[in-house]
Amino acid sequence: MSSIDLTWVIGGPQGGGVETAANIFAGACAGCGLKVFGKREYYSNIKGEHSYFGVRVSDKIVRSNVSGITMLVGFDAETIFRHAEDVFNDGAIVYETDLSAVKLEEVPTIDVQFKERLKKHLVSKNKPLTIQGLLDEARERGVVLYPVSFKEILANLAEETKNPKLRGMFRMQNVLAVSISIGLLGLPPDTLLKSVGTIFSRKAEIAEMNKTAANYAYNFSTVKYSKFRYQLHAIPKDEHVILAQGFQSTSLGKIACGCRFQSYYPITPASDESVFLESNEIFEVENNRPGSTLVVQTEDEISAIGMIIGAALTGTRSSTSTSGPGFSLMAEALGWAGINEVPIVVTLYQRSGPSTGLPTRHGQDDLQFAIHAGHGDFPRIVYASGDTEEGFYDTAKCFNFADIYQLPVIHMMDKFIASTVSTVKRFDPTRITISRGKLLEKIDEPGYQRFTPSPDGISPRSRLGLENGIFWNTGDESDQSGHISEDPENRIYKMDKRAGKMELALEQIPKEDQVTNYGVSDFCILSWGSTKGPILDAIEMLNKAGYKVGFIQIKMLHPFPAQHVQSLLSGVKKIIDIEANQSGQMGSLLNEYLDRKVDYYILKYTGRPMTCNELFDSIKKIIDNKAEKKQVLTYGV
Amino acid sequence: MVSNLADYKTEVHNDWCPGCGDFGIVSAIQMALAEMEIPRHKAAVFSGVGCSGKTSHYLNVYGVHTLHGRVLPFAQGAKLANPEMTIVAVGGDGDGLGIGAGHFVAAGRRNVDMTYLIFNNGVYGLTKGQASPTLKLGLKTKSLPEPNVNQSVNPIALAIASGFTFVARGYAYDVRQLKDLIIAAVKHRGLSFLDVLQPCPTYNDINTRDWFSGMDNIDEMTNKPRPRIYKLEDTGYDPLVHIDSPDEENEKLTQALIKSNEWDSKIPTGVFYKNDLSASYDERMAARIPNYLENPPAYQEISSGGKSITDISKMLDALEV
């Protein structure tokens with residue numbers, strides 16, 4: 001039984017330092033050995049719209065968010081309006097005192113739909129439509145209120161440090177708010193200050209100023225307020241734990257496994273990966289010259305995929321990273337890579353579609369598209385990671401698949417993983433293997449042909465610049481040398497040669513890389529991608545409540561490991577499909593490939609990730625035989 | 001190594017229409033590669049889609065026949081990953097200035113060290129003669145149901161505005177001049193552009209070989225045609241940016257733009273603009289990644305015995321809690 005499990009949420013206008021505050025908080029907790037799982041939610045906006053960051057802290061591994069908030073911190077009215085209702089009855093709200101009188105109608109960034117819902121709620125509770133009304137309602141439920149005047153703290157701090165500039169430094173209220181929270185939650189100040197130092201490490205002067213402010217606010221809160229009913233405390237630190245954001249996993253995986261060319265067009269949430277790669281473009285290589293990744297920002301995603309194909313033809317491990325709208329533009333070139341058997345990796349950070357959809361929100365909307373993108377029949381591998389840690393190791397696997405089978409690989413990630421900050425085991429590059437397949441280093445004799453027949457259907461691959469290795473490629477169907485051919489017999493040879501790779505991949509890729517089996521039971525969950533975390537947390541909760549449920553995470557979605565999944569499900573009575581999309585896209589695969597149908601669907605497509613609680617409730621309902629065939633989850637602001 | 005012209009030819013059957021200007025261009029490329037003695041495996045020709053797209057199959061060097069409009073992204077990716085390669089990209093005017101126009105502009109901004117030839121004939125030949133972006137407004141070539149309703153784009157001016165650092169025009173029936181222009185373009189450090197006037201004998205019945213030769217415009221005194229095509233070099237035109245100053249650059253850009261607008265009666269060929277003082281993309285990269293050129297992406301060692309040899313420990317240390 002874990003003794004610590006609480007969720008701290010900070011909100012504020014976009015550009016107001018919410019993310020910085022959350023990173024400081026997560027760093028301070030992680031520095032005390034605690035496990036954190038943080039998730040950022042924001043609008044498609046640069047400044048002003050509401051963004052918030054929820055950090056779940058525990059003394060054991062946590063892999064998802066919960067429905068509800070233990071401590072809410074807000075220095076703007078919208079944060080309180082948006083989230084106060086979600087604060088647990090035994091929770092707390094830290095807020096700016098000046099906000100009490102703000103009326104709901106005065107906040108322009110709150111949309112009409114939300115205002116209407118909140119209005120109904122407050123009217124039903126007989127409260128005025130103000131922050132005070134909402135706070136009163138919370139206090140009556142048991143919520144502890146911590147009013148803070150950030151203005152006053154800054155004024156006192158200015159006086160005490162004899163630095164009048166601080167008086168107007170409202171930008172620092174985020175750091176003050178975190179520090180007060182840490183004080184209320186009983187963590188020691190040293191990890192807080194260390195975390196502040198790390199976050200502002202690029203600017204020494206600003207780091208010092210923020211540390212002073214943090215220290216002051218921390219002391220202020222421990223003197224002024226009594227301790228909050230839930231206290232955090234340091235626990236023995238596991239060795240080699242990193243605090244990583246999801247996008248860093250695929251970036252580091254790419255560097256480690258030898259991807260040396262990446263092109264991209266800016267898009268949320270994928271471009272963080274490319275920017276990270278460019279920020280770390282030069283690195284050390286054992287017993288060798290320094291290595292580098294060439295990162296090229298292109299004019300569009302068509303160019304991004306075109307460039308990596310060109311680079312891959314030189315033998316360079318190459319990839320691009322994008323999201324749904326960008327991937328749509330890549331469809332034609334994906335087919336070119338398919339027909340010419342060029343190994344490329346497309347890292348697909350999904351978000352909610354269709355079209356621009358919910359551009360900054362989560363979704364697993366692109367599975368069917370990834371499997372089918374591009375005209376004509378050609379092989380590709382679609383592979384999905386479940387969390388940050390998997391992202392690192394799977395990236396290396398995807399490059400191996402691409403090289404071995406000489407085809408495009410689409411590595412499915414998503415916004416939930418991309419923007420999650422969590423404590424994970426330090427990535428271990430020695431666990432990565434690198435296989436370049438049949439890539440040639442040298443050709444001694446003339447007469448090379450790129451698409452020469454071979455028993456396994458995969459031909460030795462030359463690269464631009466190799467003596468005796470000249471080949472031709474074309475988007476047209478081609479003969480063995482790569483010249484255009486419309487011959488019927490050749491067409492059958494080439495189509496079957498390419499298609500045969502799917503069977504080969506299913507045979508050769510280890511079963512444990514295709515599917516992760518967490519155990520099966522009468523009721524068994526099938527899912528893919530980032531639903532893994534909430535599902536595993538929900539299963540723990542279910543087990544504690546006396547319920548048994550199995551879970552199979554499918555990682556290789558195309559070619560689909562039908563036989564293997566079928567055999568794993570042999571004793572299972574009911575299949576539950578869980579996905580973050582509207583139509584149950586993996587469910588369709590199950591229905592297509594298995595000799596049985598999905599029994600229950602749990603779906604979420606609000607753009608907000610699933611919480612473990614809502615999964616717990618919906619799975620329990622199924623086992624209790626009280627559920628409809630399809631349940632749609634809704635939690636989250 | 002003495003290169004033999006025949007070495008640069010493949011045995012692939014050439015299916016262009018008889019009299020097509022493309023034949024001259026492919027010959028000029030073969031002659032240029034042979035004259036420069038570029039080893040066959042160190043050269044790659046990338047092509048777009050259309051009649052000109054088949055060019056890569058007729059050349060006995062690495063040949064990459066890409067997608068419609070996308071030749072420049074593919075070619076740039078290859079050059080950036082392996083800067084040792086000599087890269088020539090070719091495509092039609094519809095390919096490069098219609099569907100691929102965005103790439104054309106972006107490539108100019110990058111100034112990657114390679115050469116791009118547009119086979120410019122004013123029509124989409126392989127789809128039976130629709131108007132292409134360079135066909136003049138109001139012209140009705142033979143397979144158009146109605147006269148062209150769009151203004152034409154000026155490829156030379158667009159290249160100059162986009163940042164190409166070598167901009168020239170050749171004529172498919174002047175193979176010798178074209179070969180020399182290709183050599184100059186390939187030797188130029190940076191992105192070079194060649195607008196090649198290439199009459200389509202099947203679908204463009206207006207801008208024909210005879211039209212370029214001035215057969216419709218006979219000098220009454222001499223009874224000889226007045227050719228439209230002339231060479232800039234014969235007029236004392238100096239395309240080179242000599243000193244690194246905005247004034248000098250503006251002057252050379254402006255004169256090139258003015259020349260690029262000449263059409264109906266006088267059509268200049270030769271080098272319009274050449275700037276060796278603007279850093280190429282690989283030079284800009286090398287300024288950032290010091291060993292980029294001697295250890296480019298294509299030649300980096302990434303593994304030993306199936307294990308990664310890249311050291312990411314510093315990046316991981318920065319994330320340790």
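Q: How many of the residues of α2(B) are buried?
A: In this predicted model, α2(B) is mostly covered. Its buried residues include Val71(B), Phe74(B), Gln76(B), Lys79(B) and Ala81(B). The number of buried residues in α2(B) is 11 of 11.

Q: Which element gives the largest share of the side of chain B that touches chain A?
A: The contact takes 71 residues from chain A and 53 residues from chain B. On the side of chain B, the elements that give two or more residues are β2 (62–65), α2 (71–81), α4 (101–110), β12 (307–308), β13 (310–311) and α10 (313–317). The largest share, 8 residues, comes from α2(B).

Q: How many residues on the side of chain B that touches chain A are nonpolar?
A: The residues on this side of chain B divide into three classes. Of these, 8 are charged and 18 are polar. The nonpolar residues number 27.

Q: Which residue of β13(B) does Val285(A) stand opposite?
A: Strand β9 (residues 282–285) of chain A pairs with β13(B) over 2 bridges. The sense of this pairing is antiparallel. Within β13(B), Val285(A) stands opposite Thr310(B).

Q: Which strands stand at the edges of the open sheet of 9 strands?
A: The order of this sheet is β17(A)-β2(B)-β1(B)-β3(B)-β4(B)-β8(B)-β7(B)-β10(B)-β9(B), and its pairing is mixed. Two of these strands each have a single partner strand, so one side of each is left without a neighbour in the sheet. These edge strands are β17 (472–474) of chain A and β9 (229–231) of chain B.

Q: Which residue in β10(B) stands opposite Lys231(B)?
A: β9(B) pairs with strand β10 (residues 267–274) of chain B over 3 bridges. The two strands pair in the parallel sense. In β10(B), Lys231(B) has opposite it Thr269(B).

Q: What angle does the direction of helix α8 of chain B make with that of β10(B)?
A: Helix α6 (residues 175–187) of chain B packs on the sheet of 9 strands, touching β3, β4, β7, β8 and β10 of chain B, and its direction makes about 165° with that of β7(B). Helix α8 (residues 246–260) of chain B also packs on the sheet, touching β7 and β10 of chain B. The angle between the directions of α8(B) and β10(B) is about 160°.

Q: Which strands are the edge strands of the open sheet of 8 strands in chain A?
A: The strands of this sheet follow the order β6-β5-β4-β1-β3-β2-β16-β7, with mixed pairing. Neighbouring strands are turned against each other by 20° on average, direction ignored. An edge strand here pairs on one side only, and the two in question are β6 (144–148) and β7 (241–245) of chain A.

Q: What is the bridge partner of Ile10(A) in β4(A)?
A: Strand β1 (residues 5–13) of chain A runs parallel to strand β4 (residues 69–74) of chain A. The two strands are joined by 4 bridges. In β4(A), the partner of Ile10(A) is Val73(A).

Q: Is Thr191(A) buried or exposed?
A: Thr191(A) lies in helix α7 (residues 189–199) of chain A. Beyond four places away in sequence, Thr191(A) touches Ala28(A), Gly31(A) and Cys32(A); Cys32(A) is 159 residues apart from it along the chain, yet their C-alpha atoms are separated by 6.8 Å. Because 20 other C-beta atoms lie within 10 Å of its own, Thr191(A) is buried.

Q: Which helix gives the most to the largest nonpolar core?
A: This core has 177 residues, and those with the most contacts inside it include Ile309(A), Leu557(A), Ala78(B) and Val167(B). Leu557(A) touches, among others, Leu367(A), Trp528(A) and Met586(A). A second, separate core of 77 residues includes Leu6(A) and Tyr52(A). With 9 residues, the helix that gives the most to the largest core is α14 (residues 388–405) of chain A.

Q: What is the radius of gyration of chain A?
A: Chain A has 21 helices and 24 strands, and buried residues make up 55% of its 637 residues. The globule rule gives 26 Å for 637 residues, and the value for chain A is close to this, so chain A is as compact as a globular protein of that length. The radius of gyration of chain A is 27 Å.

How values were computed
Residues are numbered from 1 along each chain as its sequence is written. Chains are lettered from A and ligands numbered from 1 in the order in which they are written. This is a predicted model: local features need pLDDT of at least 70, side-chain atom pairs count only at pLDDT 80 or more; totals for chains, interfaces and linings use all residues. Two residues are in contact if their C-beta atoms, placed from the backbone, lie within 7 Å. Ala, Val, Leu, Ile, Met, Phe, Trp, Tyr, Cys and Pro count as nonpolar, Asp, Glu, Lys and Arg as charged, and the others, Gly among them, as polar. Two strands pair if DSSP finds at least two bridges between them. Axes are lines fitted to C-alpha atoms, for helices over the stretch in contact, and angles run from 0 to 180 degrees between N-to-C directions. A residue is buried if 20 or more other C-beta atoms lie within 10 Å of its own, exposed if 12 or fewer, and partly exposed in between; C-beta atoms are placed from the backbone. The radius of gyration is taken over C-alpha atoms; the globule rule is 2.2 Å times the number of residues to the power 0.38. A nonpolar core is a set of buried Ala, Val, Leu, Ile, Met, Phe, Trp, Tyr and Cys residues joined through C-beta atoms within 7 Å.
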